[in-house]
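User: Could you take me through the terms used to describe this model, and set each one against the value behind it?

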Amino acid sequence: MSANSMVKLTIDGQELTVPKGTRVMPAADSIGIHIPRFCYHGSLSVLGACRVCLVQAFNPVIDRATGEPVKDDETGEPVYREMPTLQTSCTLECTEGMKIVTDSEKVLQGRANIIEFILANHPLNCPICDKGGECELQEMTMLCGPGRQLFTESRLNQDKARRIGASIVLDQERCIVCYRCTRFLSEWASEQVFEFHERGGHSVIEPALKEPIGKARFAGNTIDLCPVGALTSEYFRFSARPWELADTPGVCPHCAVGCSLTLGGRLGTLCRVQPRTNYYVNDNWICDRGRYDYAWVQDDRLVAPEVDGVRVPWETAVERTVSALADIESIAAVVDPATPCETGFLLQRFMSDGLKASSIYVEDDFDLAGPFPGTIMDLMYSDPVILVSANILEDQPILWLRLNRRALEGKLSMVAIGAPDWAPDLKRLATDHADLQPGQAVAFLNGMADLVASADASTLTRVSTETGIPAEWLRGLVERISAAKRPALIVGALPTGEYAPARSALDRLTRSLQADRKMPVKAGILVGGANSRGLRLVGCSPRADARGSGETRPWRQALLAGDLNALIVVGGDPLCDASPELVEAVRGLSSLVYLGTNRNATSELATVKLASASFAEEPFTFVNFEGRLQQSIPTNEPIECTMPGLRVVGRLCAALGLWHGELTADAVRRSMAETAETLRPWAAPIGEQGEMIAS
Amino acid sequence: MQEFRVLMGHDTPGYASIGVYRDHGGYEALRKALHQMTPTEVTDEVYWSGLRGRGGAGFCTGMKWRFIDRSSPVPKYVVVNADEGEPGTFKDRFIMEHVPHRVIEGILIACHAVGAAKAYIYLRGELALCRERLLTAIEEARRAGLLGASVLGSDFDVDIALHRGAGAYICGEETALLDSLEGRRAQPRLKPPFPAQAGLYGCPTVVNNIETLANVPLIVEHGAEWYRSVGAPNPAVDAAARTGGPPSGFGPDSPGTRVFSVSGKLNNPGVFEVPMGTPMSALFGLAGGLREGLELRAVIPGGSSAPMIGPEHFEIPLTFQTLADAGSMLGSGAVVFIDDQTCPVDLALNLVEFYEHESCGKCTPCREGGQWMRKVIQRIAHGQCREGDLELVRHVSDGIKGKCFCALGESIPAPVNSSLALFPEHWQYHIEHGSCPIGAKEYSHVG
């Protein structure tokens, strides 16, 4: 950055240089000076409402005639003039030569005044408040409050403990009107869940809609944002005090984005899941699915290994598994895409080196679709982002949230294209959308490749006829793409047969879009689960001629044709909606080994059940769709007799002489790094924001 | 004594109709602005006249117009702040009711000057007669070809829309007004950006008060020097030379007339237009003085947000600078004379109740401090005092002062502090006796 776009100032005597336009609060943060705050949040717009972040600001006096700073005649030091009132550091922009004082008597008095005001109508019953222990108001009161209470008038009484939908409980009395929740909902989520009603001291948040907020996708984030106990989680409320939780960094197992989490466990129970700040992936947010969908960690678990429906010691289970599989031909493993890399790595070793004629299928379309060629940041800085049958609002919600934020800032437009009845919410929220004739995704991609090369009338007419999209709309889209510096295109899941033609169409489109653009154009198919990409890196893929998707996945075909003798299912519930024929075929297998966490349709059919630890109970790594390696550290011990997946599969390997020594995550990762060049990153430390290991 | 400029013709029958207004030379200023002057010349004329905003802040109007980037490709807007709600203020209402066409003409000239094709009048919802008069005036102007496409045969297209507020004082704050106009919850916006950079719908916007705009046709018609011929202009500003010297419309520069809303227990309260710099005593005289048996105790010189001043300032010339020097402000031009039968505690309570009720709730000191202040003063006024209450009032007042987001909150301590300073014995009597030395039983409503 050039020198004149930077300004130099001092905060509490420390000199620093920041880009012009930076406000004092983040500037102070950058040098480790923490100014108290309520309404300020780095990921939300600046508001300046709570007034607690007051500072004293002094500006150098400038001689109007010369434009130079005035110097004291005697000392030669610049002369400063204090701004007439205390300034809110969240709104005040840094200017050249400015002096900021954050800890003077005047500042402390001002802050204490504000906290005293906030406390005037705030209930002082912290011992029965769920936020106690992590309440920002509590902390600020202790840190810089007045230390005594002069307010003795009657307090306002408002609604308490109101259920807002299934997941959020609102206590209106505790609200300190910081607008963090409403700002998040309007500036990121485009979800009108709350709004402020009334004015003045009666200002109060209310549900914005009469209908329950069950459909909200991101509203749970307002619970974390709330600095006080006004918004609390129905699921977490009063289940633990925050200081009792063993908070550990985790990774979300729900989709290919792989949001960074904080796992809060206590005494073997996963009490809550919260986002962990990661500006590369999820900013400060997670979707409601990631936040609330963890009941399965406690409910309906497989708590110990079983053979033929009878609990057995692990030794017996391992022995029975190995003996059941050892000399059998045609064994398939079906792996859930949220299976950790370590487990996948050992499974691949067990299958290929230990068993005869076996193959591994991951329950996703990743083998057909290939990896997506860009990162979340790449997509955020693209414009326009075209979504072809890719419902990222449902399938990768946080990716949508981050793109939507850019769209709301006017820096990006999202264009959704899909069948008429597909993804109505995505279409409604997108900048622009078009209805595509069902089954015409490939035709659309090919058409776009043709149109980008030449948008003449006859091509337009042809593509319009094929896709059912009006020619004028297509022309507008092509013009927008052609004028764009950095367009991006995301294709969603397709029928089995369409992946190959879609990929060649995408190649063609990417080449013509790239043309003379400097920035790489990001266009690809985005499918798969939390660790689809990682499992491929560790070698969990079927042969190229044995790929398929959905109901046509080859293991199902092979099972029905009687070509399989045994099946290993790792995670998930692939037989949950199985046809009677398929169930019959499964019953005909010599064995079905299930390695997983919960009782479900698949586990009920299994002859051997290997009870594994949940994502909150085992150390593991995932690689998200971008190729970002992240690790998760368990918050709880594996419950009852369960074992981490890597230890279970590791013991299977050890029984066949394929593993020696200790079975820890670190040992497995070292082994991975020694096995292949591409797996070297597993031996290196993994940062809090993950490491990009593939692109 | 009175000098009718803005109110010129208000006493002429039918002046609110376009025919009479035009018979008296109405809309000639618009014709002149469109056919004989460039927008820059109009803006310069207004700047050099030294016209200052009549809404309360007194900012130089021409300067405000100059801030608009006419070359910007986005639409420009003129927004008229007719949300007159400051306690004691009722002069815009009088202007709109009696000389609506002068207002419309001023708006049209402002649109021409800043390149706006659309103006919005944000009218206080309760002002039903103003609405009727303005709508009629707009309709008459439209039929006369003064509004719409190609005004008076020029290439200037303009339209005016009238929007009624729904009853919140905060909507008089210009950025909250813009939010309300856009259909949002009315709360003041962060500045900068100022409305001139990003106002209505994010576009360059001029927000002017009714009285301010009603001055504009006169300035355009008669010129800046004529405008400066009355009032209390700063002699160092040379509107004829138009170069050098101190800036026009700032500091001691208070040219022209001012329409004052004068209230209190007076014999002849009402709206008076006098030259700037007229002594307060003269205004008192115009209003017929206090009713028999009453004695003057204090004056609120510029609307309820302006601190009260004592009778020692009775002869003060009414200009922006003199009142600022006296520790108060000219504000919205609402002069409230307080008599000796009005309980200062009750008066403070009345005003604090108003601000508490009207607080938008955005910032903490105004939202919570206002409530706390009201509760304490209410106790004092109603004989439920506690020891230390005066210190508590000062404590709360200090807590609010200088920490609010906008001027509304900053106005809360003003009447309380000035009342405490002017009438310490009276407050002390309340504390000590739990009753009022005057014995006033009813609230003394202002205005």
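**Terms and the values behind them**

User: What makes strand E3 of chain A and strand E4 (residues 80–82) of chain A a pair?

Analyst: In this predicted model, E3(A) and E4(A) are joined by 3 bridges in the antiparallel sense, and because a pair needs at least two bridges, the term applies. Within E4(A), Glu82(A) is the residue that stands opposite Phe58(A).

User: Which other strands does E3(A) pair with, and why does the term hold for strand E5 (residues 87–88) of chain A?

Analyst: E3(A), which covers residues 54–60, shares 2 antiparallel bridges with E5(A), and since the requirement is at least two, that count meets the cut-off. In this pairing Val55(A) lies opposite Gln87(A). Strand E6 (residues 99–101) of chain A is also an antiparallel partner of E3(A), over 3 bridges, with Val101(A) as the bridge partner of Gln56(A).

User: Why are E8 and E9 of chain B said to stand at the edges of their sheet?

Analyst: The sheet has 4 strands in the order E8-E7-E10-E9, is open, and has mixed pairing. Strand E8 (270–275) and strand E9 (296–300) of chain B have a single partner strand each, so one side of each lacks a neighbour in the sheet. Direction ignored, neighbouring strands here are turned by 30° against each other on average. E8(B) is joined to strand E7 (residues 257–264) of chain B by 6 bridges, and the two run antiparallel; one of the partnerships is that of Phe260(B) with Phe272(B) in E8(B). Helix H5 (residues 91–98) of chain B packs on this sheet, where it touches E7 and E8 of chain B, and its direction makes about 120° with that of E7(B).

User: Which strands are the edges of the sheet with the order E3-E2-E1-E4 in chain B?

Analyst: This open sheet of 4 strands has parallel pairing, and its edge strands are E3 (159–164) and E4 (205–209) of chain B, each of which pairs on one side only. The average turn between neighbouring strands of this sheet is 20°, direction ignored. Strand E2 (residues 116–123) of chain B and E3(B) pair in the parallel sense over 6 bridges, and Tyr122(B) has His163(B) as its bridge partner in E3(B). Helix H8 (residues 174–181) of chain B lies across E1 (76–82), E2, E3 and E4 of chain B, at about 110° to E1(B).

User: Why are H6 and H7 of chain B called oblique to each other?

Analyst: Helix H6 (residues 100–114) and helix H7 (residues 128–143) of chain B pack at about 60°, with their axes 9 Å apart. That angle is neither under 35 degrees, nor over 145, nor in the range 65 to 115, and therefore H6(B) and H7(B) are oblique. Their crossing is right-handed. Pro100(B), His101(B) and Ile104(B) of H6(B) meet Arg133(B), Leu134(B), Ala137(B), Ile138(B) and Ala141(B) of H7(B), a contact with 6 nonpolar, 1 polar and 1 charged residues.

User: What makes H3 and H10 of chain B roughly perpendicular?

Analyst: The axes of helix H3 (residues 39–49) and helix H10 (residues 210–222) of chain B come within 10 Å and cross at roughly 105°, and because 65 to 115 degrees counts as roughly perpendicular, H3(B) and H10(B) receive that description. The contact brings Val42(B), Glu45(B), Val46(B) and Ser49(B) of H3(B) to Val216(B), Ile219(B) and Val220(B) of H10(B); by class, these residues are 5 nonpolar, 1 polar and 1 charged.

User: How many residues of chain B are in contact with chain A, and which helices supply them?

Analyst: In chain B, 26 residues are in contact with 26 residues of chain A, where contact requires C-beta atoms within 7 Å. Helices H14 (344–358), H15 (364–381) and H16 (389–400) of chain B each supply at least two residues of the side touching chain A, and H15(B) gives the largest share, 10 residues. The residues of that side of chain B comprise 9 nonpolar, 10 polar and 7 charged.

Conventions:
Residues numbered from 1 in each chain as written. Chains lettered and ligands numbered in written order. Predicted model: local features only at pLDDT ≥ 70, side-chain atom pairs only at ≥ 80, totals over all residues. Contact = placed C-beta atoms within 7 Å. Nonpolar A, V, L, I, M, F, W, Y, C, P; charged D, E, K, R; others polar. Axes fitted to C-alpha atoms, helices over the stretch in contact; angles between N-to-C directions. Left-handed = near helix turned anticlockwise from the far one by under 90°.
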